[in-house]
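Let's take a walk through this model, starting in the middle and working out to the charged side chains. Have the sequence and the 3D view open as you read.

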Amino acid sequence: MSKKTNYSYIGIALVILVFGIIFIPKIIDRVTNKDITREESRSQSLGTSDNQDYTSDLVYIPSVDGGNRKVPDFSFTNQDGKTITNEDYLGKVYLVEFFFTTCPTICPRMSKNLVQIQNHFSTSEDFGVASFSIFPETDTPEVLKAYAENYGITNPNWHLMTGDRETIYKLSNEGFYLYTAEAENVEGGFEHSGNFALIDKKGFIRSRLTSPDNPLIYYNGIVSEEEGIDDEGIPQQISILKEDIAKLLKE
């Protein structure tokens, strides 16, 4: 092997080493400083513009058993100390989110967007929200009540729920496929999805199509209409979500 070849290998090795020193820590930092690290749906990768070519047909989401994906049975305690189940939402169009009141990153943005949607449908008695706390040890009914008052949550069909942690995590990860996990190395101590699930009056998960065979599945709940598009090129989906809620309310 010639000296020239040796120098080439040495040069390549140096490039790889420099890349690792400079860029890998940045990649790790971007992941660990957000509390959403799993993309459980395709709603995060649909383009870099808020003028995307969505089709407005609302479809059912297939389940693993060959049917349509439906909200699993649940029973938790809300901010008023009342027991709320999935049956309390039958006949209503509603959104599902997983959050916690001490979340320092995406939850405040998600809550503000939900309040904006709440106010948009303020005259509808058939619209609601189901917010499940992933930190139930801290999020007691009293804490959830204060959180609701702080954010201006007034819709009587918006229940902020707490209960058994294992049951909530199973509902999130296995019931909705919305990622939730405890993570000591991230800010706030938890990783969780920033997406909203849209549920129809019969309890089925619905969404519009992004192409003839590609359902959106879930809607990005982090980026606001005012932002339009965030720093990472992810477009807001609140506008299309409001359109789709209005369609389901008419069904």
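## The nonpolar core

In the largest nonpolar core, which has 56 residues, the members that touch the most others are Val 96, Phe 98, Phe 132, Phe 176 and Ile 245. At least two residues of this core come from each of strand S4 (93-99), helix H2 (106-120), strand S5 (127-133), helix H3 (141-151), strand S6 (158-161), helix H4 (165-176), strand S9 (195-199) and helix H5 (238-249). A nonpolar core here is a set of buried Ala, Val, Leu, Ile, Met, Phe, Trp, Tyr and Cys residues joined through side-chain atoms within 4.5 Å. Buried means under 20% relative accessible area, exposed means over 50%, and partly exposed is in between (1.4 Å probe, protein chains only). Helices (H or I, at least four residues) and strands (E, at least two) are DSSP runs numbered from the N terminus.

Keep in mind that this is a predicted model, where local features need pLDDT of at least 70 and side-chain atom pairs count only at pLDDT 80 or more, while totals for chains, interfaces and linings use all residues. Residues are numbered from 1 along each chain as its sequence is written, and side-chain values use heavy atoms, with hydrogens and water left out.

Which residues does Ile 245 touch, leaving aside those up to four places away in sequence? They are Val 93, Leu 95, Ile 117, Phe 121, Phe 127 and Leu 198, with contact meaning heavy atoms within 4.5 Å. Val 93 sits in strand S4 and is buried, at a relative accessible area of 0%. Val 93 and Ile 245 are 152 residues apart in sequence, yet their C-alpha atoms are 6.9 Å apart in space. With the sequence neighbours up to four places away again left out, Val 93 also touches others, including Asp 126, Gly 128, Ile 199 and Leu 248.

Helix H2 has 15 residues and reaches 21 Å from its first C-alpha to its last, close to the 21 Å expected at 1.5 Å a residue (the expected span is 1.5 Å times one less than the number of residues). Its buried residues include Ile 106, Met 110, Leu 114 and Ile 117, and among them are also the polar-named Ser 111, Asn 113 and Gln 118.

## Rings in a cluster

Searching the whole structure turns up 12 aromatic pairs. Rings of Phe, Tyr and Trp (its six-membered ring) pair if their centres lie within 6.5 Å; planes under 30 degrees apart count as stacked, over 60 as edge-to-face and the rest as tilted. Phe 98 and Phe 132 have ring centres 5.2 Å apart and planes at 25°, so this pair is stacked. Phe 98 belongs to strand S4 and Phe 132 to strand S5, 34 residues apart, so to speak of distant parts of the chain being linked is fair. Both of these rings are buried. Phe 98 also pairs with Phe 176: their ring centres are 6.0 Å apart and their planes at 65°, so this pair is edge-to-face. Phe 176 lies in helix H4 and Phe 98 in strand S4, so the pair ties together parts 78 residues apart in sequence. Ring pairs join Phe 74, Phe 76, Tyr 89, Tyr 94, Phe 98, Phe 132 and Phe 176 into a cluster.

## Charged side chains

Side chains of opposite charge can pair when their charged atoms come close. The structure holds eight salt bridges, each a side-chain nitrogen of Lys or Arg within 4 Å of a carboxyl oxygen of Asp or Glu. Three of them are listed here.

| Salt bridge | N to O distance |
|---|---|
| Asp 80 and Lys 145 | 2.7 Å |
| Arg 206 and Asp 200 | 2.9 Å |
| Glu 251 and Arg 206 | 2.9 Å |

Glu 251 is in the segment after H5 and Arg 206 in strand S10 (residues 205-211), so their bridge ties together parts that are 45 residues apart in sequence. Asp 200, Arg 206 and Glu 251 are linked in a network of salt bridges. Buried or exposed, where does Arg 206 fall? Arg 206 is buried, with a relative accessible area of 3%, whereas Glu 251 counts as exposed at 53%. Arg 206 also lies over the face of Tyr 60, at 4.2 Å from the ring centre; the cut-offs for a charge over a ring are NZ of Lys or CZ of Arg within 6 Å of the ring centre and within 35 degrees of the ring normal.

The partners in the Lys 145 bridge are both partly exposed: Asp 80 has a relative accessible area of 43%, and Lys 145 is at 33%.
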